[in-house]
Amino acid sequence: MPTDERLSDDQLQRIANDLRDNWHTGREVDFEEAIAFHESLPASKQFAQVLESADQPLLQPRAGVPCLEEQIDLLRYLQDEGGADLLPTTIDSYTRDNEYEKAEEGLAASRGSDENELNGFPAVNHGVEDCRRLIRALDAPVEVRHGTPDARLLAMVTLAGGFQSFEGGPISYNIPYTKRHDLATTIEHWQFVDRLCGAYTERGVTINREPFGPLTGTLVPPSIAIAVMLVEGELAATQGVRSLTLGYGQVGNLVQDVAALRALRKLGNEYLRDEVTVTTVFHEWMGGFPPDEARANGVISLGGATAAVAQPDKVITKSAQEFQGVPTKEANAAGLRTTRQLIDMMIEQDIDLGGIDEEQALIERETRALMDAIYEAGDGDVAQGVINAFDSGALDVPFAPSDAAKGAVLPARDDDGRVRIFEFADLALPDDIKEIHAARLGERAETEGRDQSFRMVADDVDAISDGKLIGRPSGDNSPTGGASDAD
């Protein structure tokens, strides 16, 4: 079982040497030469510096296509026409599964076709020099966004290629993404990634790391998401990471989302060591979108309004074409501008929302209870503790495909649309907190004239795509809900 200890320089070098043979571009990686390339980049491309010095939320979309020139054109468009402050490179699914041969075939097919045969940019196949061509061609800093349980070779190639921010983590890119990877193995793999980022940082090239906050993206209770962020942050800090962006995915209730983002920042600064700079990122709605683009723009606008009030350091934007899959570049840019408009109109307003302090206090109590359970399960070692906590169900993530999680916790919305826990299973929360959740869900059940049941959970999963926040029964005429007319 892995422990929360820093890899030695010899261990880092040994693993890197082994990885070079996984694909031929791995042999292009030269750490000293990579340091020199990073040092040649202007301040405007230093990801951590740009993010950490911003005085209002920066905007970043998701975007990735297979071929280099098309990826450059896409990101230039989002930069110039969408006003993106930070840029992504979203990695293809074959690379996420370390299937570089299949990625190579898809890249070759895409080069000879008008259609993209991959759903992202195969950075390992492109290699170091193509990554540098992309970095040189753009004005804004660029982040690697992916979903890879074993991202070691991807990190080697892209960091050497000039990327200065790397998304993901051993829990957030395992539990929500894959069934077959055990948590101990992914922690070991990500210890290498984080130690590599730490090695760059120690040489004066600060690599920003961003754990993936939305997790399964489906009604995740804020305290669970924040606990995972803190664990991944602590694991990364042990390996020498000094710039951490902790994430949170929108659940849709404005008060709860603002409270959660404030709790995330407060607890991040409290739990992570003093030498770490903590920033936060807010992901606009990650669940199902309405098929109607006008309604979808309403979902995006709520995200922008939330960001204006909570003021995270960064916002990951969405487009009005989320329902149909990968958006056009025009729709992607429009989503950026929609979010910017809301933030620019609202950020200087003194908006006082009732209930934020109370909700934040509840989220913080829950998160501390989960963190205490993790430390206890590992006798103070966070790596061992989080493995044991997931194994026992003391920590869990709803709707998770991974065998490493129980997946027994079930959320549902209360009468105000805040995400509560309907089924706790073995989640390590005290009885008085459980009673609060049960009482809030009981109020909703009374409003709707039905018993608390799994039907609430199922209704809430589809509610926003159906045009509402709360999955009210069809025919319910209460002012806070009602049957959807989205179809």
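In the legends below, Ala, Val, Leu, Ile, Met, Phe, Trp, Tyr, Cys and Pro count as nonpolar, Asp, Glu, Lys and Arg as charged, and the others, Gly among them, as polar. The model shown in every view is predicted.

**View A. The second largest pocket, with a lining to which α1 and α9 (183-202) contribute.** The second largest pocket has a volume of about 250 Å³, and of the 14 residues that line this pocket, L12, Q13, F31, L196 and A199 are the closest to its centre. The elements giving two or more residues to this lining are α1 and α9, and α9 gives the most, with six residues. By class, the lining of the second largest pocket divides into nine nonpolar, one polar and four charged residues.

**View B. The largest pocket, whose volume is about 1000 Å³.** Forty residues, given as 40 in the count, line the largest pocket, and those closest to its centre are R62, A63, T90, V326 and P327. Two or more lining residues come from each of α4 (68-80) and α13 (329-346), and the largest share, three residues, belongs to α4. The lining of the largest pocket comprises 16 nonpolar, 15 polar and nine charged residues.

**View C. The largest cavity and the residues that line it.** A search of the whole structure finds three cavities of 30 Å³ or more, and about 80 Å³ of space lies in the largest cavity. Its lining is made up of G213, P214, G217, T218, L219, V220, A225, Y248, G249, Q250, V251 and M286. Seven of the residues in the lining of the largest cavity are nonpolar and five are polar, while none is charged.

**View D. Helix α10 (residues 222-238) and the glycine that comes after it.** For the 17 residues of α10, a rise of 1.5 Å a residue leads to an expected span of 24 Å, and the end C-alpha atoms of the helix are indeed 24 Å apart, which agrees. Helix α10 is largely enclosed by the rest of the structure, because 17 of its 17 residues are buried. G240, which follows α10, has a positive phi, near 105 degrees.

**View E. The aromatic pair of W23 and Y100.** The structure holds eight aromatic pairs. In one of them, W23 and Y100 lie 6.2 Å apart, centre to centre, with 50 degrees between the planes, and the pair is tilted. The pair links distant parts of the chain, with W23 in the loop between α1 (9-19) and α2 (31-40) and Y100, 77 residues apart from it, in helix α6 (residues 100-111). W23 counts as buried because its relative accessibility is 11%, and Y100 likewise counts as buried, at 6% relative accessibility, the cut-off being under 20% relative accessible area.

**View F. The edge-to-face pair of Y173 and Y177, within a cluster of aromatic rings.** The ring centres of Y173 and Y177 are 4.9 Å apart and their planes stand at 75 degrees, so the pair is edge-to-face, planes over 60 degrees apart being assigned to that class. Y173 counts as buried, at 1% relative accessibility, whereas Y177 is partly exposed, with a relative accessible area of 36%. Ring pairs join both tyrosines with F166, W190 and F212 into a cluster.

**View G. R132 and the ring of F37.** The charged end of R132 sits over the ring of F37, at 4.6 Å from the ring centre.

Note on methods
Residues numbered from 1 in each chain as written. Predicted model: local features only at pLDDT ≥ 70, side-chain atom pairs only at ≥ 80, totals over all residues. Heavy atoms only, no water. Phe/Tyr/Trp six-rings, centres within 6.5 Å; stacked < 30°, edge-to-face > 60°. Helix = DSSP H or I, 4+ residues; strand = E, 2+ residues; numbered from the N terminus. Buried < 20%, exposed > 50% of the residue type's maximum accessible area, 1.4 Å probe, protein only. Lys NZ or Arg CZ within 6 Å of the ring centre and 35° of its normal. Expected span 1.5 Å × (residues − 1). 1 Å grid on protein atoms, 1.4 Å probe; cavity = no way out; pocket = protein on both sides within 12 Å on 5 of 7 lines; lining within 4 Å. Points joined across faces, edges and corners; volume = space filled by probe spheres on them.
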